Amino acid sequence: MSIDFALNPPPDGIEDRANALAGRVLMGGPVALVTTTWRGKSNVVPISWHMPLSSKPSIVGIAIGQERYSAEMVKHAQQFAINIPTRPLLHHVQYLGTLSGEEVDKFEATQLETFGSRTITAPLIVGCCAWIECQVVEAFPIGDHMLFAGLVTAVRVDPASFDDRWLVGDPETRPLHFIAGNRYSTLNGIMEARLPKDYEAPERALRDLIAEELELTREAQERREEAVGELREELRRGHAVDPAALDDLAKSGIEVSPDDLLDLSKGIVLGE
Ligand SMILES: Cc1cc2nc3c(=O)[nH]c(=O)nc-3n(C[C@H](O)[C@H](O)[C@H](O)COP(=O)(O)O)c2cc1C
């Protein structure tokens, strides 16, 4: 059966956006702190535009605005390290994005702790959960950015965060994902996709799987609302509440940040 996709109308409610927003649509991968050292001076720059480019050999790319001081540094150093910060570095990451290495020594300004890389001269940052050392093999100007392709020369990880993939364990060990502005997120949980078995009619099996997932999501939402409602009522009565009560939900894969849902300033909060 051939389908003429062009004849299908778009789903209701979708809207056009400016072409310039394509970059933001693709954002959401882990934020990176790129470090470099050149002529004895080191710099660190938060970036979210990075990508794997080749697996054999292992090459990754970073895109840095052509006018940025860090683009100059990488051009000269021909090396860089990608450090993946975890949640406790949230405010550092944002602050580093407001400073230019041309004017300030960002390591001095933020007092970030560092340690030595194995194969390059750039420092690596403590409090991160993965570190990739690279030698620049290609550098292309693309529009207003420079794409630096880096041959990977060493990779180190904190196994609390990553073994051969992201673990999405304790929230403090998860990498930060940049959404734009001053907004970040962390991965919320792991879902395993199932494929229809050979003997199942694929379209029916997929439809049933989706229906099952929706039902599970609805139940989870209801449980979460119930738990938050109970805490809210306790706060209203002036009783002490323990936001850790929401931990059980978090363990079952439902992320609950008490600050978002409850006005904790109105009551007595345990564990503060
Ligand atoms: C979370 C975050 C992500 C960013 N991503 C990028 C990026 O992918 N490429 C880029 O050129 N600048 C990016 N920026 C902006 C630079 O980090 C910022 O302009 C920085 O001050 C440049 O420092 P420099 O002058 O030392 O190069 C980002 C900033 C933040 C906070």
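**Exercise 1. Follow the sheet from β1 outward: which residue in β2 is the bridge partner of Thr36, and how many bridges join β1 to β2?**

Solution. Start with Thr36: its bridge partner in β2 is Asn43. A quick note before moving on: this is a predicted model.

Step two, the count. β1 and β2 run antiparallel and are joined by seven bridges. The two strands make a hairpin with two residues between them, and Arg39 there takes a positive phi near 50°.

Step three, the other neighbour. β1 is also joined to β5, by three bridges and again antiparallel. Thr35 has Ala81 as its bridge partner in β5.

Step four, the surroundings of β1. This strand is mostly covered, with five of its seven residues buried.

**Exercise 2. Work out in what order the seven strands of the open sheet lie, and which strands are at the edges.**

Solution. Take the pairs one at a time. From β5 you step to β8, since these two pair in the antiparallel sense over seven bridges. If you want a residue to look at, pick Gln79, whose bridge partner in β8 is Gln135.

Next comes β8 with β9. Twelve bridges join β8 (residues 128-142) to β9 (residues 145-157), and the two run antiparallel. Two pairs to click on: Glu138 has Ala149 as its bridge partner in β9, and Pro141 stands opposite Met146. β8 and β9 also form a hairpin with two residues between them, where Gly143 in the turn has a positive phi of about 55°.

Now put it together. The order is β2-β1-β5-β8-β9-β4-β3, with antiparallel pairing, and the sheet is open. That leaves β2 (41-47) and β3 (50-54) as the edge strands, each pairing on one side only. From one strand to the next, the twist averages 35°.

**Exercise 3. Find which strands helix α2 lies across, and the angle it makes with β1.**

Solution. Locate α2 at residues 69-77. The helix lies across β1, β2, β4, β5, β8 and β9. For the angle, compare the helix with β1 (32-38): α2 runs at about 55° to that strand.

**Exercise 4. Describe the shell around the ligand: which residues come nearest, and which element gives the most?**

Solution. Begin with the roll call. There are 21 residues around the ligand, and the nearest are Trp49, Ser70, Gly97, Ser100 and Gly101.

Then sort by element. β2, β4, α2 and α3 (90-96) each give two or more residues to the shell. β2 gives the most, with four residues.

Last, sort by class. The shell has eleven nonpolar, eight polar and two charged residues.

**Exercise 5. Go through the backbone oddities: what kind of peptide bond joins Lys56 and Pro57, and where do Gln78 and Ala180 lie?**

Solution. First, the baseline: most residues other than glycine have a negative phi, and most peptide bonds are trans.

Take the peptide bond. The one joining Lys56 and Pro57 is cis, with omega at about 0°. Pro57 lies in the loop between β3 and β4. Is Pro57 buried or exposed? Pro57 counts as exposed because it has 8 C-beta neighbours inside 10 Å. Pro57 is also 95 residues from Val152 in sequence, while their C-alpha atoms are 8.0 Å apart in space.

Now Gln78. This residue is not a glycine, yet has a positive phi of about 60°. You'll find Gln78 in the loop between α2 and β5. With 16 other C-beta atoms within 10 Å, Gln78 is partly exposed.

Finish with Ala180. Here too phi is positive, at about 110°, although the residue is not a glycine. Ala180 lies in strand β10 (residues 177-180). Ala180 has 12 C-beta neighbours inside 10 Å, so it counts as exposed; the cut-off for exposed is 12 or fewer.

Conventions: Residues numbered from 1 in each chain as written. Predicted model: local features only at pLDDT ≥ 70, side-chain atom pairs only at ≥ 80, totals over all residues. Pairing = 2+ DSSP bridges. Axes fitted to C-alpha atoms, helices over the stretch in contact; angles between N-to-C directions. Contact = placed C-beta atoms within 7 Å. Near = placed C-beta within 6 Å. Nonpolar A, V, L, I, M, F, W, Y, C, P; charged D, E, K, R; others polar. Buried ≥ 20, exposed ≤ 12 C-beta atoms within 10 Å, placed from the backbone.
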